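Biologist: I'd like a close look at a single part of this protein, taken slowly enough for a first-year student. Could you pick one helix and walk me around it?

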Amino acid sequence: MPSSQRIKPAVFLIDIDRFMELEERVGHSAADSVLLAISRRIARIMRPLDTVARLQGDQYAVILGVRGRRGQDRRDREQIRKALKSPFNFGWRG
């Protein structure tokens with residue numbers, strides 16, 4: 001495989017701020033719905049060589065199989081950040 005086609009993975013760790021406060025306010029079941037929505041938003045950004053895993057509680061690891069394109073990991077990271085920054089609407093108030 002030519003060097004320009006080699007896979008150069010990028011690893012991101014994501015920790016959801018103030019998640020425990022949310023869980024206390026809305027309950028365990030509703031907070032689990034938030035975690036599922038977070039996982040789905042991240043997964044929509046993923047490509048076939050990428051992986052997302054929930055590590056524990058409100059922590060995720062994302063492995064992006066970046067192909068030698070300069071700056072692609074930064075663009076992917078920003079895309080994930082924007083996806084998670086958008087409000088979540090579940091029909092209940094927190």
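Modeller: Here is a walk around helix α2, starting with the whole protein and ending with the stretch just before the helix.

Keep in mind that this is a predicted model. The protein has three helices and three strands, and along the sequence they come in the pattern β-α-α-β-β-α. Of its 94 residues, 33% are buried. Now take the contacts between residues at least 6 apart in sequence: 62% of them join residues at least 24 apart.

On to our helix. α2 covers residues 28-45, which is 18 residues. Is its length what you'd expect? At 1.5 Å a residue it should span 26 Å, and the C-alpha atoms at its ends are 27 Å apart, so the two values agree.

Next, which residues of α2 are tucked away? The buried ones are Ala30, Ala31, Val34, Leu35, Ala37, Ile38, Arg41, Ile42 and Ile45. They take up an arc of only 160° around the axis, so they sit on the same side of α2. If the spacing of those numbers looks odd, remember that an α-helix has 3.6 residues a turn, so residues three or four places apart point the same way. Over on the other side of α2 you'll find the exposed residues His28, Ser29, Arg40 and Arg44.

Let's zoom in on one residue from the buried side. Ile38 belongs to helix α2, and it counts as buried because its relative accessible area is 3%, where the cut-off is under 20%. What does Ile38 touch? Leaving out residues up to four places away in sequence, Ile38 touches Ile16, Tyr60, Leu84 and Phe88. Take Tyr60: Ile38 and Tyr60 are 22 residues apart in sequence, and their C-alpha atoms are 9.5 Å apart in space.

Ile38 also has a part in how α2 meets another helix, α3. In α2, Ile38, Arg41, Ile42 and Ile45 meet Gln79, Ile80, Ala83 and Leu84 of α3. Sorted by class, this contact has six nonpolar residues, one polar and one charged. To describe two packed helices, people give the angle between their axes and the distance between the axes. For α2 and α3, which spans residues 72-85, the axes come within 10 Å and cross at roughly 150°. The crossing of α2 past α3 is right-handed.

Now for the helix before ours. In α1, the buried residues are Phe19, Leu22 and Glu23. Looking down the axis of α1, they fall within an arc of 100°, so they line one face of the helix. And here α2 comes back into the story: α2 is part of what covers the buried residues of α1. The face of α1 turned away from that buried side carries Met20, Glu24 and Arg25, which are exposed.

Finally, look at either end of α1. After α1 comes Gly27, with a positive phi near 95°. Before it, Arg18 lies in the loop between β1 (7-15) and α1 (19-26). Most residues other than glycine have a negative phi. Arg18 has a positive one, near 60°, even though it is not a glycine. Is Arg18 buried or exposed? Arg18 counts as exposed, because its relative accessibility is 63% and the cut-off is over 50%.

Conventions
Residues numbered from 1 in each chain as written. Predicted model: local features only at pLDDT ≥ 70, side-chain atom pairs only at ≥ 80, totals over all residues. Heavy atoms only, no water. Helix = DSSP H or I, 4+ residues; strand = E, 2+ residues; numbered from the N terminus. Buried < 20%, exposed > 50% of the residue type's maximum accessible area, 1.4 Å probe, protein only. Expected span 1.5 Å × (residues − 1). Arc of directions from axis to C-beta. Axes fitted to C-alpha atoms, helices over the stretch in contact; angles between N-to-C directions. Left-handed = near helix turned anticlockwise from the far one by under 90°. Contact = heavy atoms within 4.5 Å. Nonpolar A, V, L, I, M, F, W, Y, C, P; charged D, E, K, R; others polar.
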